[in-house]
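Here is a friendly walk through one structure, with an eye on how its helices and strands meet. Have the viewer open while you read.

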Amino acid sequence: MGRPKGPRVRLIAGRWRGRLLTFPAEPGLRPTPDRVRETLFNWLNPWLAGARCLDLFAGSGALGFEALSRGAAAATLVDSNPLAIAALRENRERLGAEAIITASEGLDYLAGLGPAAFDLVFLDPPYASGLLTHALTVILARRILTAAGLVYIESAAADGFELPAGLRWHRRGRAGLAAFGLAALTS
């Protein structure tokens, strides 16, 4: 068995530190850069142990698998691209991860969730897709986050993304072309 083919991203820390995830070279599929993931997971360190996580537009799965590697109790990775789903399943097997992989459009998946389903939601949809605002609207309307839950939001820095009412920035950053941050519920 040779080295997996295709683009790869390395898990940064935790039990799978240094392990490579492969993913398809598909338009719009761009993993969160290492520098951003390292900052994000440093921010998340106090919240991650035992967290139930949703990686909604999973793509490479780097955020969901990194969360599991660092102590999250559960991760659900959702994507609509069949090639991405196949790669997520292969990576799950390679790591021996207990992740739930779901083939679905992100907004359709959210529509089936009830209140307080997740402690942490990763939202990194394709830039300029309009999915970020729609996903946040559904998350707030359906109360998908636990009371102390957080949402990771990544967008193109040039978009000037603004949070909808009901969320406040907890931490924010910028790296290259990406703007990112953690948002918490206002009440």
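Two residues are in contact here when they have heavy atoms within 4.5 Å of each other. Please keep in mind that this is a predicted model.

**Thr146 and Ala148 in strand β7**

Let us put that definition to work on Thr146, which sits in strand β7. Which residues does Thr146 touch, once its neighbours within four places in sequence are left aside? The partners are Arg52, Ala116, Phe118, Asp119 and Leu185. Is Thr146 buried or exposed? Its relative accessible area is 13%, and the cut-off for buried is under 20%, so Thr146 counts as buried.

Ala148 also belongs to strand β7. Its relative accessibility is 59%, and because exposed means over 50%, Ala148 falls in the exposed class. If you would like a distance to check in your viewer, try the C-alpha atoms of Ala148 and Ile85: they are separated by 30 Å, with the two positions 63 residues apart along the chain.

**Strand β6 and its partners**

Next comes strand β6, which spans residues 118-123. Five of its six residues are buried, so β6 is largely enclosed by the rest of the structure. Strand β6 pairs with β3 (residues 52-55) and also with β7 (residues 145-156). The table sets out both pairings, with a pair of opposite residues for each.

| Strand pair | Bridges | Direction | Residues standing opposite |
|---|---|---|---|
| β3 and β6 | three bridges | parallel | Cys53 and Leu120 |
| β6 and β7 | five bridges | parallel | Val121 and Val151 |

As background, side chains in a regular strand alternate between the two faces of the sheet.

**Helices α1 and α2**

Now for the helices. How do α1 and α2 lie relative to each other? Helix α1 covers residues 34-48 and helix α2 residues 62-69; their axes come within 11 Å and cross at roughly 45 degrees. The two helices are therefore oblique to each other, and their crossing is right-handed.

Which residues of α1 and α2 meet? From α1 come Arg37, Leu40, Phe41 and Leu48, while α2 brings Ala62, Leu63, Glu66 and Ala67. Sorted by class, this contact has six nonpolar and two charged residues, with no polar ones.

**To sum up**

Strand β6 is largely enclosed, with five of its six residues buried, and runs parallel to β3 and to β7. Within β7, Thr146 is buried, whereas Ala148 is exposed. Helices α1 and α2 cross at roughly 45 degrees.

Note on methods: Residues are numbered from 1 along each chain as its sequence is written. This is a predicted model: local features need pLDDT of at least 70, side-chain atom pairs count only at pLDDT 80 or more; totals for chains, interfaces and linings use all residues. Side-chain values use heavy atoms; hydrogens and water are left out. Axes are lines fitted to C-alpha atoms, for helices over the stretch in contact, and angles run from 0 to 180 degrees between N-to-C directions. Helices (H or I, at least four residues) and strands (E, at least two) are DSSP runs, numbered from the N terminus. Angles under 35 degrees count as roughly parallel, over 145 as roughly antiparallel, 65 to 115 as roughly perpendicular and the rest as oblique. A crossing is left-handed if the near helix is turned anticlockwise from the far one by less than a right angle, and right-handed if clockwise. Ala, Val, Leu, Ile, Met, Phe, Trp, Tyr, Cys and Pro count as nonpolar, Asp, Glu, Lys and Arg as charged, and the others, Gly among them, as polar. Buried means under 20% relative accessible area, exposed over 50%, partly exposed in between (1.4 Å probe, protein chains only). Two strands pair if DSSP finds at least two bridges between them.
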